[in-house]
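Let's take a walk through a protein model together, from the outside in. Keep the picture open beside you as you read.

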Amino acid sequence: MKKKHLVASALALGIIGGAVAVPNAIFADSDAAVTDSATSTVVTQDAGKTTTGDHVITPQATDGQIVDRPVAGFNDSADFDVKSGYGYVRLYLRNTGDTTITFTVNQGSASGAEKYSGTVKPGKTFDDILNKNNAWSTGKFYVSLSSGSGSMSGKLGVRTSTNTNF
């Protein structure tokens, strides 16, 4: 019982007296070196890479082109741009409807050169990099969706990246 009163009294004094402990990390400079207390190694960071000991981590750059776009009707389409250096394309298509969705990705126009095609059955999700071996050239690309027999329901997403680690 005495411990509860002691803790409560100490908290009250800290709040009333204004003595609040604030970790130094809150005020740390983002370019400054920080010591990791778990491993006692120095971690440094700049805008492009992180160094921990002898390991260098360089994040890939990604560009969200189509984000959680609702899919509906019997036919649907959306376009996205592949910018210079962002030639790898990941497509996400979640089918929440009752009919299979067929999709194609074309370059230049909806009827341009076909770059990729596939199907997603009801209740399933397609989530993959479309071009793991070769980056696509810059330009506008079109995703065309169709269901044939019933109305589509789901979500579409497209991201582009500088490499295949996304």
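Start with the surface: the chain exposes about 10700 Å², and carbon and sulfur atoms supply 53% of that area. Accessible areas like this one come from the Shrake-Rupley method with a 1.4 Å probe, and for residues, only the protein chains shown count as cover.

Before going further, some house rules. This is a predicted model, where local features need pLDDT of at least 70 and side-chain atom pairs count only at pLDDT 80 or more, while totals for chains, interfaces and linings use all residues. Residues are numbered from 1 along each chain as its sequence is written, and side-chain values use heavy atoms, with hydrogens and water left out.

Now, what is tucked away? Buried residues make up 25% of the 166 residues in the chain. Here "buried" means under 20% relative accessible area, "exposed" means over 50%, and "partly exposed" is in between (1.4 Å probe, protein chains only). As for contacts (heavy atoms within 4.5 Å), take those between residues at least 6 apart in sequence: 69% of them join residues at least 24 apart.

Which secondary structure does the chain have? It comes to one helix and twelve strands, and along the sequence the helix is followed by the strands, in the pattern α-β-β-β-β-β-β-β-β-β-β-β-β. Helices (H or I, at least four residues) and strands (E, at least two) are DSSP runs, numbered from the N terminus.

Let's zoom in on one sheet. Strands of a sheet pair through backbone hydrogen bonds, either parallel or antiparallel. Our example is an open sheet of four strands in the order 6-11-8-9, with antiparallel pairing. Strand 6 (75-82) and strand 9 (113-120) stand at the edges with a single partner strand each, so one side of each has no neighbour in the sheet. Two strands count as paired if DSSP finds at least two bridges between them.

You can cross this sheet strand by strand. Strand 6 pairs with strand 11 (residues 139-146) over eight bridges, in the antiparallel sense, and one of the matches puts Val 82 with Gly 139 in strand 11. Next, strand 11 and strand 8 pair over six bridges, again antiparallel. Finally, strand 8 (residues 101-107) meets strand 9 over seven antiparallel bridges. These last two strands form a hairpin with five residues between them, where Gly 108 takes a positive phi near 90 degrees.

Phe 103 is a good place to pause. It stands opposite Leu 145 in strand 11 and opposite Gly 118 in strand 9. Phe 103 is buried, with a relative accessible area of 0%.

What about its ring? The whole structure holds five aromatic pairs, meaning rings of Phe, Tyr and Trp (its six-membered ring) with centres within 6.5 Å; planes under 30 degrees apart count as stacked, over 60 as edge-to-face and the rest as tilted. Phe 103 and Tyr 116 form a stacked pair, 6.1 Å centre to centre with 15 degrees between the planes. This pair links strand 8, home of Phe 103, to strand 9, home of Tyr 116, 13 residues apart. Tyr 116 counts as partly exposed, at 24% relative accessibility.

Another stacked pair joins Trp 136 and Phe 141, with 5.2 Å centre to centre and 20 degrees between the planes. Trp 136 is buried at 11% relative accessible area, and Phe 141 is buried at 0%. Ring pairs also bring in Phe 80, linking Phe 80, Trp 136 and Phe 141 into a cluster.
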